[in-house]
Amino acid sequence: MTTPPTPLPAHPTDRPSIQIGALVPLTRPGWTEAGRHLLAGLELAARDINDAGGIAGKPLELIVRDTAADPHKATTAVDELAHLGVTALAGEYHSVVARAAATRADALGLPYLCSSAVLDTLTDQPTEWVARLSPPQSRGWQTYADFLLGAGHTHIAAAAEPSLYWASGTRILRDHLTQRGASITELDMRTLTPTAVCDALADRHATALLLLAGHPEPAVPIVKAVRADQRLSHILIGAPAGQPEFTAWATQLGHDGAAIPFLRYLPEHLTPLGTRAEKTLREHLAQAPSFVAYEGYDTITVLAQLLRPHSTNRPRTAPSWPHVSVEGTRGQIQFSRTPGTSVWQWTWPPIQIVDRDPAKPDHFRILHTG
């Protein structure tokens with residue numbers, strides 16, 4: 001079990017607090033490194049808000065619950081947090097888990113700002129209670145498909161595991177690529193070993209392989225197998241879901257983990273707020289903060305503005321999403337309704353496609369923006 005990170009220090013107070021429930025994957029099978037960065041951003045923003053006087057004179061308090069990438073556990077956590085009387089929910093990284101949390105929050109009438117999950121449809125029906133910071137999957141993954149086409153890849157393979165998230169990503173890529181004369185072949189990771197993946201790539205004359213699979217298994221063994229296969233020296237390995245973002249990737253793969261393009265949601269330059277947050281996050285995490293840490297910080301920054309006029313009045317809070325306009329770490333954040341999504345959406349977060357520089361695997365190169 002992964003030990004949760006040490007919380008950022010908060011200033012004690014006797015005043016009644018405004019409580020926000022924070023959903024974060026802190027134990028396996030959750031992506032714990034992403035959870036650690038997300039929580040660091042959430043906590044730093046809460047501390048900064050309290051240092052500036054809190055919300056309507058009341059301190060902000062985070063009540064953290066570990067989802068462990070389990071939709072059922074997330075639903076139970078939402079029920080518990082609602083019973084405790086939290087004013088709103090924040091966080092979550094895993095899309096399928098966030099969908100379960102959003103569905104339950106909508107049913108309970110509990111405002112929820114999703115930090116980092118991208119499934120286009122977070123709830124089955126349009127809701128006033130849920131908003132999202134990260135771009136919908138269709139927007140990010142279509143940008144990734146355009147990058148592949150621009151680099152000349154028209155015969156693409158995807159090493160895919162079964163899940164709603166990976167199936168949604170495959171569909172988005174297939175629809176976008178086939179309309180432009182390219183193709184994508186799905187390789188079922190329930191039945192194929194990394195060696196069999198290499199054989200399939202060689203047989204099909206693919207020029208790109210996309211890792212639509214979990215980290216570290218089976219993504220890391222697939223990368224090692226492809227890199228070691230002389231038949232596949234021309235193959236571009238891609239990871240639209242962002243597996244190479246975190247240091248565990250570089251630690252496990254070294255040079256083999258470089259030059260694997262992935263999506264991240266950062267601008268070319270952070271805002272002044274982002275620059276200040278970056279310094280503290282870097283010190284706390286003992287590494288460069290990922291885009292997920294900034295998503296966490298922005299989540300609390302937005303919720304603070306949303307809650308200021310209404311404090312703990314949930315019904316009056318929900319209609320306020322379209323009136324939010326606040327500077328985050330990555331730009332000005334405002335929400336609107338967008339086609340194909342059921343929640344309030346930041347339009348639009350910045351999108352980059354980057355990879356780890358083969359000459360300096362701890363540095364990132366920006367390859368494309370969308």
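The dialogue below goes through a predicted model, beginning with its open sheet and ending with a hairpin.

Student: How should I read the sheet here, and in what order do its strands stand?

Tutor: In general, the strands of a sheet pair through backbone hydrogen bonds, and the pairing may be parallel or antiparallel. In this predicted model, eight strands make up an open sheet with mixed pairing, and their order is β2-β1-β3-β4-β5-β13-β12-β11. The edges are taken by β2, residues 60-66, and β11, residues 325-327; each has a single partner strand, so one side of each is left without a neighbour in the sheet. On average, and with direction ignored, neighbouring strands of this sheet are turned by 25° against each other.

Student: Which way do β3 and β4 run, parallel or antiparallel, and how many bridges join them?

Tutor: Strands β3, residues 88-91, and β4, residues 112-114, run parallel and are joined by three bridges. To find the pairing on the model, start from A90, whose bridge partner in β4 is L113.

Student: Which strands does helix α1 lie across, and which ones does helix α2 touch?

Tutor: Helix α1, residues 32-51, lies across β1 (18-24), β2 and β3, and runs at about 165° to β2. Helix α2, residues 71-84, also packs on the sheet, where it touches β1, β2 and β3, while its direction makes about 150° with that of β2.

Student: What describes the packing of two helices, and what are the values for α9 and α10?

Tutor: Two packed helices are described by the angle between their axes together with the distance between those axes. For α9 and α10 the angle is about 120° and the axes are 11 Å apart, and the crossing is right-handed. On the α9 side the residues are L273, G274, A277, E278 and L281, which meet A293, Y294 and Y297 in α10. Sorted by class, this contact of α9 with α10 has six nonpolar, one polar and one charged residues.

Student: Turning to the pockets, what is the volume of the largest pocket, and which residues are closest to its centre?

Tutor: A pocket can be read through its volume, its lining and the classes of the residues that line it. The largest pocket holds about 610 Å³ of space, and of the 28 residues in its lining, W31, Y93, H94, Y165 and W166 are the closest to its centre. Two or more lining residues come from each of α3 (95-108) and α5 (164-178), with α3 giving the most, namely three. By class, the lining of the largest pocket divides into 18 nonpolar, eight polar and two charged residues.

Student: How does the lining of the second largest pocket divide by class, and which element gives the most to it?

Tutor: The second largest pocket has a volume of about 530 Å³, and its lining divides into 10 nonpolar, six polar and seven charged residues. Of the 23 residues that line this second largest pocket, R264, R282, A288, P289 and F364 are the closest to its centre. At least two lining residues each are supplied by α8 (247-253), α9 (272-285), α10 (291-307) and β15 (360-369), and β15 gives the most, with three.

Student: Which strand does β15 pair with, and in what sense?

Tutor: Strand β15 pairs with β14, residues 352-357, in the antiparallel sense over six bridges, and the two strands form a hairpin with two residues between them. Within this pairing, R356 stands opposite F364 in β15, and F364 is also one of the residues closest to the centre of the second largest pocket.

Terms used. Residues numbered from 1 in each chain as written. Predicted model: local features only at pLDDT ≥ 70, side-chain atom pairs only at ≥ 80, totals over all residues. Heavy atoms only, no water. Pairing = 2+ DSSP bridges. Helix = DSSP H or I, 4+ residues; strand = E, 2+ residues; numbered from the N terminus. Axes fitted to C-alpha atoms, helices over the stretch in contact; angles between N-to-C directions. Contact = heavy atoms within 4.5 Å. 1 Å grid on protein atoms, 1.4 Å probe; cavity = no way out; pocket = protein on both sides within 12 Å on 5 of 7 lines; lining within 4 Å. Points joined across faces, edges and corners; volume = space filled by probe spheres on them. Nonpolar A, V, L, I, M, F, W, Y, C, P; charged D, E, K, R; others polar. Left-handed = near helix turned anticlockwise from the far one by under 90°.
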